[in-house]
Amino acid sequence: MTRIALCFVVVGFAACGGQTATRPPPAQQFYFPAGLAHVDAAGSTEGVLYVSNGNFDKRFDNGTLVAVRLDALGLPAFGDPVSPSGPVQLQDLKLDENDGTVKIASFAGELGVWPRPEGGVRLFIPSRSEGDYLQVIDAPAPPAGTAPRLDCVTAQAGSRDCASAAFSLSSFQDKATHLPRAVAPYGVAVAKDGDVFVTHLSNADSPRGSNKNLNAYVVKLGASAPAVDASSFIPLGPGAANSVAVGQRWVYLSGR
C-alpha cells in the first residue's frame with residue numbers, strides 16, 4: 001500500500017512540475033473593452049476601429065489591442081430599424097490574429113492617437129496592472145482593402161507582446177522618496193504638436209506604502225520619439241487625475 005501511495009504522489013508531483021497552462025484571451029471577441037479610437041482608412045467605407053481589451057477580471061494572461069476592419073463585419077445600413085430579435089451581435093470580429101492583434105497589460109485605460117507623418121497612427125495605451133505600463137503601438141496605414149497591422153514600437157522587431165517593452169511609470173522613483181510614480185495610469189491625450197499627456201488614478205505616497213506625502217503627476221512625452229524619464233513627470237500635488245484633454249493652449253484634467 002505504501003508503494004502504491006508513493007507512486008501516486010510521484011506522478012502527481014510530475015504533473016505539477018510541467019509548464020503552466022497559458023490562458024490566452026478570446027481571439028475574435030472583445031473582453032472588457034476599454035479604450036476606443038476610430039481611424040479612416042483609404043479605400044474603406046467604415047474605417048478601422050482600434051479597441052483595447054482590458055481583461056478586467058484577469059481571467060486571461062493579458063489584455064489585447066485589436067484592429068477591427070469594420071468593412072468586413074457586415075454592419076447594418078445606417079438608419080435600418082432594429083430587428084425584432086434585437087441589435088446585431090458581433091460574434092466574430094474577423095481579426096487578423098497574426099498582425100492585427102498584440103498583447104498589452106491588463107486593466108487598459110483610455111487610448112491616445114497620434115497621426116504619423118508617414119501615414120497611419122501611433123497609439124498610446126496606459127494600463128493599471130502591475131508595472132503601471134504605458135504601451136506605444138504603431139498602426140501603419142494599410143493598403144486599400146487589406147487588414148491593418150499593429151507593431152510594438154519599443155519591442156524587438158516582430159514581437160507581439162507590447163507590454164514586455166512598455167514604459168513602466170513606476171520605475172523612475174528616487175530611492176529615498178520613492179517619487180515620482182504614476183500609479184494606475186489611465187487617461188491619455190495627444191496634442192497637435194505631438195506632446196502626449198498621461199494621467200493616473202491613484203496618488204503616489206512617500207515613503208512607498210506609508211499613505212503619507214501624497215503626490216500626483218501628469219506624465220509628458222513626445223509622440224514622434226517616445227521616451228520617459230524622471231523629468232517627464234509634472235507634479236500636481238495631492239489628488240490624482242482621471243481623464244485629460246488638450247485644448248488650444250491648455251491641458252485640462254478631471255479628478256475625483
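**Figure 1. Salt bridge between Arg 122 and Asp 138 in the predicted model**. Arg 122 pairs with Asp 138, and the closest N and O atoms lie 2.6 Å apart. The contact links distant parts of the chain, with Arg 122 in strand β6 (residues 121–126) and Asp 138 in strand β7 (residues 133–139), 16 residues apart. Arg 122 counts as buried because its relative accessibility is 9%, under the 20% cut-off. Asp 138, at 10% relative accessibility, is likewise classed as buried.

**Figure 2. The network around Arg 122 and Asp 138**. Arg 116, Glu 118, Arg 122 and Asp 138 are joined into one network by salt bridges that share partners. Two of its members, Arg 122 and Asp 138, are buried.

**Figure 3. Salt bridge between Lys 94 and Asp 92**. The side chains of Lys 94 and Asp 92 meet with an N to O distance of 4.0 Å. The pair counts as a salt bridge because the rule accepts a nitrogen within 4 Å of a carboxyl oxygen. Lys 94 has a relative accessibility of 48%, so this residue counts as partly exposed. Asp 92 is also partly exposed, at 38%.

**Figure 4. Salt bridge between Asp 57 and Arg 59**. Here the side chains of Asp 57 and Arg 59 meet at 3.6 Å, N to O. Asp 57 counts as partly exposed because its relative accessibility, 36%, falls between the 20% and 50% limits. Side chains of opposite charge can pair when their charged atoms come close. The model has 10 salt bridges by the rule applied, including the Asp 57 and Arg 59 pair.

Conventions:
Residues are numbered from 1 along each chain as its sequence is written. This is a predicted model: local features need pLDDT of at least 70, side-chain atom pairs count only at pLDDT 80 or more; totals for chains, interfaces and linings use all residues. Side-chain values use heavy atoms; hydrogens and water are left out. Buried means under 20% relative accessible area, exposed over 50%, partly exposed in between (1.4 Å probe, protein chains only). Helices (H or I, at least four residues) and strands (E, at least two) are DSSP runs, numbered from the N terminus.
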